[in-house]
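Dear colleague,

I am passing on a structure that you have not worked with before, and below it you will find a short account of what came out of looking at two parts of it. Please read the account with the structure open beside you.

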Amino acid sequence: MRFATRMLVVQVATQIAVVAVCTGIFAWLGVQQLKAEADSSALNIARSVAEAPDVRSLVTTFSADPGTPDAASLRDGELQEYAADVTARTRGLFVVITDDHGIRLAHPDPDRLGQVVSTSFADALAGREVVTWETGTLGESARAKVPIYPPGGGAPVGEVSVGFERASVFDDLPALIAGIAAAVALAVAIGAVVALLMRRRLERLTLGVQPEELVALVQTQTAVLEGADEGVVALDDAGMVRVCTATAERLLGVTGAVGRPLTELGLPPAVAAALAGGGATTGLPVGDRVVFVDVRPVRRGARALGRVAVLRDRTDVMALSGRLDSVRAMGDALRVQRHENANRLHAAVGLLDAGRVVEARAFLADLVDRGSVDWAVPGIELVGDAMLQSFLGAKALAARERGVALRVADDTFSTAPIDEVEDVVAVLGNLIDNAITAAAAAPAPREVEVSVLDDADAVVVTVADTGPGIADGEAVFASRERDDDPDAVHGLGIGLPLSREFARRRGGEVWVVDAGGDGRGAVVAARLPGVRRAGTVRERNET
């Protein structure tokens with residue numbers, strides 16, 4: 001039996017039990033009320049008969065006679081006629097009048113006149129009114145016994161006993177029970193309808209999933225959501241957070257998100273818009289992390305339940321992608337170097353084949369002085385690492401295509417090779433790309449200057465441009481919306497926040513040295529420690 005059906009059965013059974021108890025109580029109260037009404041009627045009638053002047057006078061006369069009244073004379077006597085008339089008018093069982101010795105002076109059965117009554121009359125002669133249920137010669141009845149006083153007052157001289165038959169007392173009981181039964185049936189019917197409506201409401205709220213299934217669903221959901229590396233945020237149609245895993249709270253930098261509206265979590269506008277919208281977002285800076293947000297609507301049948309967002313931390317992937325891009329750029333530069341070097345060697349061989357030995361010697365001597373490739377980057381010889389030279393040469397070629405000249409600063413001092421040059425070019429490449437974009441957006445002269453300095457096992461790089469400058473030196477590292485505009489300048493996209501995070505992981509930093517403005521370009525620096533091994537540093541110092 002399904003849970004909803006069990007609940008329906010339990011509710012109906014409970015209602016029937018409650019109604020049954022109430023029915024029993026009301027029936028008992030009804031019986032007691034009928035008995036009380038019969039007792040009250042018998043007492044009032046007995047009082048009326050006992051107060052009648054003729055009854056008091058005649059009973060006093062009979063009580064004064066020491067003999068026993070004659071039954072034949074009592075049959076046609078005034079008391080017998082009076083009692084019969086009261087009995088007929090009140091539809092009672094009997095009206096019995098006795099003297100002070102309990103002799104019946106009036107009785108429904110004439111044959112019992114002149115005999116002592118079958119029930120006690122002591123209380124009445126003692127002046128007490130009694131209402132009881134007793135069994136006499138006429139059967140069980142509700143009866144009231146009232147003393148009769150003489151006309152002038154004094155001790156009781158007899159009693160009046162008025163009784164109602166048990167059956168007549170409960171004549172109204174069937175109607176009472178029928179009314180109670182109708183009320184019971186109506187109450188049970190209403191309860192059953194309400195239980196059915198509650199069952200339908202419960203199944204609609206739980207989408208037809210039974211509570212025992214909900215337990216397994218919660219266990220499975222907890223195991224899946226908390227066991228995944230991705231963060232999950234579930235929102236209902238009203239924008240209320242219904243599920244937010246620990247990973248999601250860590251990535252978003254919030255706590256206690258469940259049960260709160262999305263607008264009250266204090267998220268950056270770009271992140272809040274991504275969660276409130278739909279589809280996938282390529283990357284959003286959240287604090288010092290880069291988060292990919294994938295939002296999908298959730299439906300069950302035709303009913304929309306809200307949306308679920310999957311948050312993926314892609315900081316490491318983005319950092320690795322930057323390093324790979326830098327390595328790719330260096331690879332392209334090395335291919336250019338190899339191609340140009342091959343061309344020059346072919347030229348030297350051609351001169352030798354032509355017998356122009358003097359010219360070939362001069363050409364080779366010039367090649368030794370300038371290097372295998374002429375990168376046309378002023379000051380590039382100040383950079384001692386060959387890979388970094390190739391990278392700067394490749395960036396210079398790319399800058400030249402955008403009308404920007406790249407050169408190495410005169411204060412560059414970097415003679416030792418770099419062991420982890422990929423990490424250096426990953427950060428330096430982003431700074432140079434931003435600087436080239438800023439310089440290309442400004443009027444001529446469009447230039448970018450790069451400085452590389454050795455600092456023990458660290459490398460300090462500085463990139464200056466002739467662009468419009470940076471409006472806010474800290475805002476460029478804050479969370480912002482991604483901009484895919486190729487002409488974007490400092491502070492758009494995720495490059496600078498990612499570069500700072502990458503440098504900080506190594507114990508370094510990326511910062512704005514000079515925000516520029518008013519005709520001056522910006523200067524951004526980065527320090528990357530640990531990119532050289534200790535042995536390399538010692539060898540350089542000994543040299």
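How are H2 and H4 oriented to each other? Please bear in mind throughout that this is a predicted model. The axes of helix H2 (residues 53-64) and helix H4 (residues 78-90) come within 10 Å and cross at roughly 135°; since angles over 145 degrees would count as roughly antiparallel and those from 65 to 115 as roughly perpendicular, H2 and H4 are therefore oblique to each other. Their crossing is left-handed, and the contact is made by Val-55, Leu-58, Val-59 and Phe-62 on the side of H2, with Glu-78, Leu-79 and Tyr-82 on the side of H4. Sorted by class, the residues in this contact are 6 nonpolar and 1 charged, with no polar ones.

The second part is a sheet.

Here 5 strands form an open sheet with mixed pairing, in the order S11-S12-S13-S15-S14. Strand S11 (405-408) and strand S14 (509-514) stand at the edges with a single partner strand each, so one side of each is left without a neighbour in the sheet. On average, and with direction ignored, neighbouring strands are turned by 20° against each other. S14 runs antiparallel to strand S15 (residues 523-528), to which 5 bridges join it, and Trp-511 stands opposite Ala-525 in S15.

Two helices accompany this sheet: helix H13 (residues 386-401) packs on it, touching S11 and strand S12 (447-455), with a direction that makes about 155° with that of S11, while helix H15 (residues 495-505) lies across S14 and S15 and runs at about 125° to S14.

With kind regards

Technical notes:
Residues are numbered from 1 along each chain as its sequence is written. This is a predicted model: local features need pLDDT of at least 70, side-chain atom pairs count only at pLDDT 80 or more; totals for chains, interfaces and linings use all residues. Side-chain values use heavy atoms; hydrogens and water are left out. Axes are lines fitted to C-alpha atoms, for helices over the stretch in contact, and angles run from 0 to 180 degrees between N-to-C directions. Helices (H or I, at least four residues) and strands (E, at least two) are DSSP runs, numbered from the N terminus. Angles under 35 degrees count as roughly parallel, over 145 as roughly antiparallel, 65 to 115 as roughly perpendicular and the rest as oblique. A crossing is left-handed if the near helix is turned anticlockwise from the far one by less than a right angle, and right-handed if clockwise. Contact means heavy atoms within 4.5 Å. Ala, Val, Leu, Ile, Met, Phe, Trp, Tyr, Cys and Pro count as nonpolar, Asp, Glu, Lys and Arg as charged, and the others, Gly among them, as polar. Two strands pair if DSSP finds at least two bridges between them.
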